[in-house]
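Got your viewer open? Let's take a short walk, one selection at a time.

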Amino acid sequence: MSSNTHHLRNGTAKTTQPRKAITLETMNQHLRKADYAVRGRLAIRAEELREKLKEQNHNLPFVEVVNANIGNPQAMDQRPITFFRQVLALVQYPDLLESEAATTIFPADARERASVLLREIGSVGAYSQSQGVPYIRQSIADFIAQRDGFAADPNDIYLAGGASSAVTSLMTTICNGPQTAVMIPVPQYPLYSASLTIENATAVPYLLDESTCWGTDTAYIASVIRQTIASGVNLKAIVVINPCNPTGSCLTASEIKDIISLAAEHCFMVIADEVYQTNIYEGEFFSFKRMLRELQRDFPGKYDSVELASLHSTSKGMVGECGQRGGYMELIGVDPEVREELYKLVSISLCPVVTGQVLTELMVNPPKEGDESYPLYKQEYDTIYTRLRERALTLFEAFKEMEGVTCQQPKGAMYLFPTITLPPNAIKEAQRRNEEPDEFYCMQLLESTGVCVVPGSGFGQKDGTFHFRTTFLAPGKEYVDRMLQFHKEFLKKFS
Ligand SMILES: Cc1ncc(COP(=O)(O)O)c(C=O)c1O
């Protein structure tokens, strides 16, 4: 940071505070108000502790920091899927395709895929169409049609630099000041509350029901809708995260159809965040698109006007390529003039990262049975899936042993969201420190064990209840044992 130096008449120089055009007071106040707990105070402290561990005499009671605060699989021990990286390597460096080495290093189907993609894209160093490469949009439409059993249109697909970027584009398009209301689940992934705050729109919470494995209660949601409309704001959309971050729950087909019916009745858009659609450990994933098409088929005319945005990403599932920023949004039933405006918005940033688009193509069109790369792909995919499932259960079993902790059976996504009953003395101590009680618990956990989780208050929770969210991506059980030991000591100290 440079400072202003004023030269006085006597030749000496006086340094004053630097003058800044943009200050905390003059900057966008909506951005200042936005919260994003996943990378909040705890995550910052975790980074400080990681730095401290590098010191020889660090005096910390642990030897590693475990980032269980963020669903970032390759920051743990998850390796990328080989076929995906082979194709990415070839599209990044097409000269390799011509080299003799390529035939020994890369299987024929990886070379073939890279050639097809390069033919369709040109260079990954060139801007693509703003909505995404047409060939890749067609691949995504084929995938959706196969998944749902209903046709999909490549013109409805918008590739994006991760689902986050699709969500922010959507919110910018939907929101028209504080009168715009969007219903968001509580608990929720804070991308939604943060982007609504930045847009100066109104987030209307609807509580998920912990007693039914964090399900949606249709009668209750209908009552929130009625109250919202009666309050005079314009209810424009509902966000549904399925499988859910942070709760790990999955919606049933009938829960999804009920939500779509409410959207049809009261005329608001459904934003279906389905980035965890392959992270299903119990039961089945039902897409909103499929449920909508079934309703349209079974009740002709009644659901024709429903507006749906559904999101998918290369960051989650067994792909776990968070850093590559791939994903897409499918828009159904949206007014063509609004779509033109949305198109203008995405074209202002030119196009999503083209290698992220390539990865999205690979995610939706992986090697098939009979292809040279299929056996390795299948083995890698299944290993990641089985490991995630085992880790989820290990953590779940550990939470069952912890006094005052209850946790719903993990069904999907990458997280557990247990309730913690905190002793009154711990709550008093948190209040004395001006911290939320669950934030206090999580900070003590981090300082004692190096395990970084996110307090439930960062996602929203029913008043008077306390939770924390942890991923189950970290390897081993040693960190789980540290959590168990900490919990016992914490209860003893504050009981
Ligand atoms: C529910 C949910 N939606 C969207 C995202 C953002 O994903 P992406 O990396 O695709 O932007 C996340 C990331 O954790 C998430 O949990």
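Which oxygen atom does a polar side-chain atom of Y276 lie 2.6 Å from? Select Y276 and you'll see that the partner is an oxygen atom of the ligand. That's a polar contact, meaning a pair of N or O atoms within 3.5 Å. Taken alone, the ligand exposes 400 Å², and the protein buries 94% of that; these areas come from the Shrake-Rupley method with a 1.4 Å probe.

A quick note before moving on: this is a predicted model, where local features need pLDDT of at least 70, side-chain atom pairs count only at pLDDT 80 or more, and totals for chains, interfaces and linings use all residues. Residues are numbered from 1 along each chain as its sequence is written, and side-chain values use heavy atoms, with hydrogens and water left out.

**Stop 1: around the ligand**

Stay with the ligand and add A163: one of its polar backbone atoms is 2.7 Å from a ligand oxygen. Then pick N245, where an N or O atom in the side chain is 2.7 Å from an oxygen atom of the ligand. Now widen the selection to every residue with a heavy atom within 4 Å of the ligand. You should get 14 residues, the closest being S164, D273, Y276, S313 and S315. Colour that shell by type and it splits into 6 nonpolar, 5 polar and 3 charged. Here Ala, Val, Leu, Ile, Met, Phe, Trp, Tyr, Cys and Pro count as nonpolar, Asp, Glu, Lys and Arg as charged, and the others, Gly among them, as polar.

**Stop 2: strand 8**

Next, select residues 269–273, which are strand 8. Strands are DSSP runs of E, at least two residues long, and helices are runs of H or I of at least four, numbered from the N terminus. Buried or exposed? In strand 8, 5 of 5 residues are buried, that is, under 20% relative accessible area. Show the side chains: M269, I271 and D273 point one way, V270 and A272 the other. In a regular strand the side chains alternate between the two faces of the sheet.

**Stop 3: the neighbours**

Add strand 7 (234–241), which runs parallel to strand 8 and is joined to it by 5 bridges; strands pair if DSSP finds at least two bridges between them. Look for I238 opposite V270. Then show strand 9 (308–313), also parallel to strand 8, with 4 bridges. There, A309 stands opposite I271.

How values were computed. A polar contact is a pair of N or O atoms within 3.5 Å; within protein, one must be able to donate a hydrogen and the other to accept it, and residues adjacent in sequence count only if both atoms are side-chain atoms. Buried means under 20% relative accessible area, exposed over 50%, partly exposed in between (1.4 Å probe, protein chains only).
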